[in-house]
Amino acid sequence: MHHQIVRRAGAERETLWVLLAAGLILATATVAVGLRPAPDAEAALAPHRIDSRTALTAAEQGLHADLRMAAAEIAAEIAALRKTDGTSNGRAPSPAELAAQALPPFAADASAAARGGHAWTLAEAGGTVAYAGLSADPGTAGSLVLLLDGDGHGDGHGPAIWLKRAAEAPPARLDEASLAAAGWKRITSTFTAGVTR
């Protein structure tokens, strides 16, 4: 007679392997997190710059977004005028023409009044196109300057938008040094590792 011992079915061995695998994964993750370098501290902005995410009022953020979009429209209009004229210097549209097209923030509507009621002017000099918006209510939104180069694109990084929290026109020279010396601050968008947009 032959006797065979049959063990009961169980999952002890499989459970041991699963626990070992989970422990290995946990140990690897702990080592990886421990070896990861700490994030760099945010670089401080230059004194003549201001962050669009954290340092603007809600009205100023809206105006900033509108000006960035308007810059693309203005660049397209300048390019179209150059094609029809056949010359290398197309005329920039006036603020009144932009308002007639209902292009924010140039349009004189309820939204513009609620965001500082800016009075817009146009200046062109040396291949630079500038739209200056003098604020009627600097407490809501400061005065703004939109700088575009002759092609309507700005300085290669998009339009340059400057802010001064006063009802004050910009200086006659609209270069970075003159604006900074007069107390204007360039609006910049800084994105760090902590930003999730």
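How many aromatic pairs does a search of the whole structure find? It finds two. The legends below describe close-up views of a predicted model.

**Figure 1. The chain runs through five helices and six strands.** From the N terminus on, the order of elements is α-β-α-α-α-β-β-β-β-α-β. The chain has 197 residues, and buried residues make up 30% of them. Contacts often reach far along the sequence: among those between residues at least 6 apart, 53% join residues at least 24 apart. The chain exposes about 12,500 Å². Carbon and sulfur atoms supply 60% of that area.

**Figure 2. F106 and Y131 form an aromatic pair.** A pair of aromatic rings is described by the distance of the centres and the angle of the planes. For F106 and Y131, the centres are 5.3 Å apart and the planes stand at 65 degrees. Angles over 60 degrees count as edge-to-face, so this pair is edge-to-face. The two rings come from distant parts of the chain. F106 sits in the loop between α3 and α4, and Y131 sits in strand β3 (residues 128–134). They are 25 residues apart. F106 is buried, at 5% relative accessible area. Y131 is buried too, at 0%. Together with W120, F106 and Y131 make one aromatic cluster.

**Figure 3. The largest nonpolar core holds 23 residues.** Which members touch the most other members? They are I74, F106, Y131, L144 and L146. F106 and Y131 also belong to the aromatic cluster with W120. Four elements give two or more residues to the core: α2, β3, β4 (143–148) and β5. Helix α2 gives the most, with seven residues. A second core is separate and has eight residues. Among them are A130, A132, A160 and W162.

**Figure 4. R49 and E176 form a salt bridge.** Side chains of opposite charge can pair when their charged atoms come close. The structure holds six such salt bridges. In this one, the closest N and O atoms are 4.0 Å apart. R49 lies in strand β1 (residues 49–51), while E176 lies in helix α5 (residues 176–181). The pair therefore ties together parts that are 127 residues apart in sequence. Are these two residues buried, partly exposed or exposed? R49 is partly exposed, with a relative accessible area of 28%. E176 is partly exposed as well, at 36%.

**Figure 5. R165 and E60 meet in a salt bridge.** The N to O distance is 2.6 Å. R165 lies in the loop between β5 (160–164) and α5, and E60 lies in helix α2 (residues 58–85). The pair therefore joins parts that are 105 residues apart in sequence. The two partners differ in cover: R165 is partly exposed at 43% relative accessibility, whereas E60 is buried at 2%.

**Figure 6. R115 and D66 form a salt bridge between buried partners.** Their closest N and O atoms are 2.3 Å apart. R115 lies in the loop between α4 (110–114) and β2 (119–125). D66 lies in helix α2. The pair therefore ties together parts that are 49 residues apart in sequence. Both R115 and D66 count as buried, since each has a relative accessible area under 20%.

**Figure 7. The loop between α3 and α4 holds A102 and P105.** Most residues other than glycine have a negative phi, and most peptide bonds are trans. What is the phi of A102? A102 has a positive phi of about 60 degrees, although it is not a glycine. A102 is exposed, with a relative accessible area of 52%. P104 and P105 are joined by a cis peptide bond. Its omega is about 0 degrees. P105 lies in the loop between α3 (95–100) and α4. F106, from the aromatic pair, is in the loop between α3 and α4 too. F106 is buried, at 5%, whereas A102 is exposed.

Notes:
Residues numbered from 1 in each chain as written. Predicted model: local features only at pLDDT ≥ 70, side-chain atom pairs only at ≥ 80, totals over all residues. Heavy atoms only, no water. Salt bridge = Lys/Arg side-chain N within 4 Å of Asp/Glu carboxyl O. Buried < 20%, exposed > 50% of the residue type's maximum accessible area, 1.4 Å probe, protein only. Phe/Tyr/Trp six-rings, centres within 6.5 Å; stacked < 30°, edge-to-face > 60°. Core = buried A, V, L, I, M, F, W, Y, C linked by side-chain atoms within 4.5 Å. Contact = heavy atoms within 4.5 Å. Areas by Shrake-Rupley, 256 points an atom, 1.4 Å probe, with all protein chains shown as cover.
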